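Colleague: Could you take one part of this model and go through it closely, setting out what surrounds it and how its residues are placed?

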Amino acid sequence: MVDRCVCAGVTFAEILRMHREDALSLAWIADAQGVCRGCTLCEPYVRRTLRTGRVRHPVLTEREAAEAMRAGG
């Protein structure tokens, strides 16, 4: 299961909290916390977290990751 941005060390639970409680956009969170800025492999998971509220995800296939990116955050 994937539950964090490994590069920045920030959990998806923390990202979701910032988004919901502090009304911060993904762009702001990414800039401030460094998520989705290193290897960028976490971005589809982060977008899926913001869309669904789930903070743990199975490893996505390439197709699932592409769909998550198209669906946005």
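Modeller: Helix axes are taken here as lines fitted to C-alpha atoms over the stretch in contact, with angles from 0 to 180 degrees between N-to-C directions. The model is a predicted one, and the part I have chosen is helix α1, which spans residues 12-21 and packs with helix α3, residues 43-52, at an angle of about 50°, the two axes lying 10 Å apart. Angles of 65 to 115 degrees count as roughly perpendicular and those under 35 as roughly parallel, and α1 and α3 are therefore oblique to each other. The crossing in which α1 passes α3 is right-handed. On the α1 side the contact is formed by Phe12, Ile15, Leu16 and His19, and on the α3 side by Tyr45, Val46, Thr49 and Leu50; sorted by class, these comprise six nonpolar and two polar residues, with no charged ones.

Turning to burial within α1, the residues Phe12, Ile15, Leu16 and Met18 are buried. Viewed down the axis of α1, the buried residues lie within an arc of 160°, so they line one face of the helix. An α-helix has 3.6 residues a turn, so residues three or four places apart point the same way. The buried residues of α1 pack not just against α3 but also against the strands β1 (4-5) and β2 (10-11) and against helix α2 (26-33). Arg20 and Glu21, by contrast, are exposed on the other side of α1. Just beyond the end of α1, Ala23 adopts a positive phi of about 55°.

How values were computed:
Residues are numbered from 1 along each chain as its sequence is written. This is a predicted model: local features need pLDDT of at least 70, side-chain atom pairs count only at pLDDT 80 or more; totals for chains, interfaces and linings use all residues. Side-chain values use heavy atoms; hydrogens and water are left out. Helices (H or I, at least four residues) and strands (E, at least two) are DSSP runs, numbered from the N terminus. Angles under 35 degrees count as roughly parallel, over 145 as roughly antiparallel, 65 to 115 as roughly perpendicular and the rest as oblique. A crossing is left-handed if the near helix is turned anticlockwise from the far one by less than a right angle, and right-handed if clockwise. Contact means heavy atoms within 4.5 Å. Ala, Val, Leu, Ile, Met, Phe, Trp, Tyr, Cys and Pro count as nonpolar, Asp, Glu, Lys and Arg as charged, and the others, Gly among them, as polar. Buried means under 20% relative accessible area, exposed over 50%, partly exposed in between (1.4 Å probe, protein chains only). The arc is that of the directions from the helix axis to the C-beta atoms.
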